[in-house]
Amino acid sequence: MPVKVLEEKVILEHPSGSSTEVYFYGATVTSWKCKGKERLFLSKNSFLNGTKAIRGGIPLVFPQFGKASDSSFETAILPQHGLADNQVPENLRKEWPKKFRIIYTITLTEDTLNNHLTVKNEDIKSFYFNALLHTYYYVPDISKVSIKGLSNLSYIDKVTKNTQVTDTNDSITIDQEVDRIYADVPSDEIYIDLGHEDFDNFILRKINLKDTVVWNPWIDKAHGMSDFGDDEYKQMVCVEPGTVSEYVNLNVGETWEGGQILKISK
Ligand code: BG6
């Protein structure tokens, strides 16, 4: 499979015509095209020059999701969403001085994209981490989108200041700001229906990532973000598999693995 290595990114091309692009900065996937269409959202205002985490694609969140709620915790010194999304590896090692190895493997087929993460503890002490694939899906019209596989589950609603809510609807639809953390989701499969005849839907298969975050900033938050267009909330939804409700405690010499497989589907 042809691989083009450019100064700032790697482009992988499958003989079927599908392709994906990965920036070295943050190991952020910024594009996944298959069957002639871009499947990921990347903001037109995103910084791609390394001054800020990339706004769109699949930023890699590691070793902290959000801000640590306990200020004495070992990842509390790290910025929102940790370091992996806004760093090159040498800097990440300086800011979080643990000895660890991350291998991020991206596999492309005609209609799937597989993001697989391996973290190995090479330190002399155990350490804690969160990991999350902050996936921004491109959607033609947010008002038509429904997300299935998370119904009748309780979630933490970050919009209403972390209240615990149970959703009894069959699917999630989005007509306002949504920022939810679903912990311990029983199904490994989530279906993102775009409700549009010209666009395939998505099947998201989660691997050893039991939590799922669903996010859309909607109007006011969109206005407040310098790297996001005012109207772009209509063209995206984030469905982010991760391990964020609890930290993984990785013992010396041990390896943790997790990931996601995205597939387009009629
Ligand atoms: C989501 C969080 O994962 O990412 C939201 O749940 C957050 O609270 C969003 O606003 C975007 O985060 P950031 O740091 O990339 O602006």
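**Exercises on hairpins, core and ligand shell**

In this predicted model, S4 and S5 form a hairpin that has 2 residues between the strands, and Lys 35 in the turn has a positive phi of about 50 degrees.

**Exercise 1.** Determine how strand S4 is paired with S5 and with S3, and which residues are bridge partners.

*Solution.* Begin with the hairpin just described: S4 and S5 (residues 37–38) run antiparallel and are joined by 2 bridges, with Glu 38 of S5 as the bridge partner of Lys 33. Turn next to S3 (residues 19–23), which runs antiparallel to S4 (residues 29–34) and is joined to it by 4 bridges; here Lys 33 is the partner in S4 of Ser 19. Lys 33 is therefore a bridge partner of both Ser 19 and Glu 38, since a residue of a strand can be listed in each pairing. The hairpin of S3 and S4 has 5 residues between its strands, and Gly 26 takes a positive phi near 75 degrees in this hairpin.

**Exercise 2.** Identify the residues with the most contacts inside the largest nonpolar core, and list what Tyr 137 touches.

*Solution.* The largest nonpolar core has 58 residues, and Tyr 137, Ile 192, Val 237 and Val 239 have the most contacts inside it. Strand S18 (residues 236–250) contributes the most to this core, giving 6 residues. Leaving aside residues up to four places away in sequence, Tyr 137 touches Arg 39, Leu 40, Phe 41, Ile 192, Phe 202, Met 236, Val 237 and Val 239.

**Exercise 3.** List the residues that surround the ligand and divide this shell by class.

*Solution.* The ligand is surrounded by Ala 53, Gln 80, His 81, His 134, Lys 158, Asp 179, Val 213, Trp 215 and Glu 240. Sorted by class, the shell consists of 3 nonpolar, 3 polar and 3 charged residues.

Terms used:
Residues numbered from 1 in each chain as written. Predicted model: local features only at pLDDT ≥ 70, side-chain atom pairs only at ≥ 80, totals over all residues. Near = placed C-beta within 6 Å. Nonpolar A, V, L, I, M, F, W, Y, C, P; charged D, E, K, R; others polar. Pairing = 2+ DSSP bridges. Core = buried A, V, L, I, M, F, W, Y, C linked by C-beta atoms within 7 Å. Buried ≥ 20, exposed ≤ 12 C-beta atoms within 10 Å, placed from the backbone. Contact = placed C-beta atoms within 7 Å.
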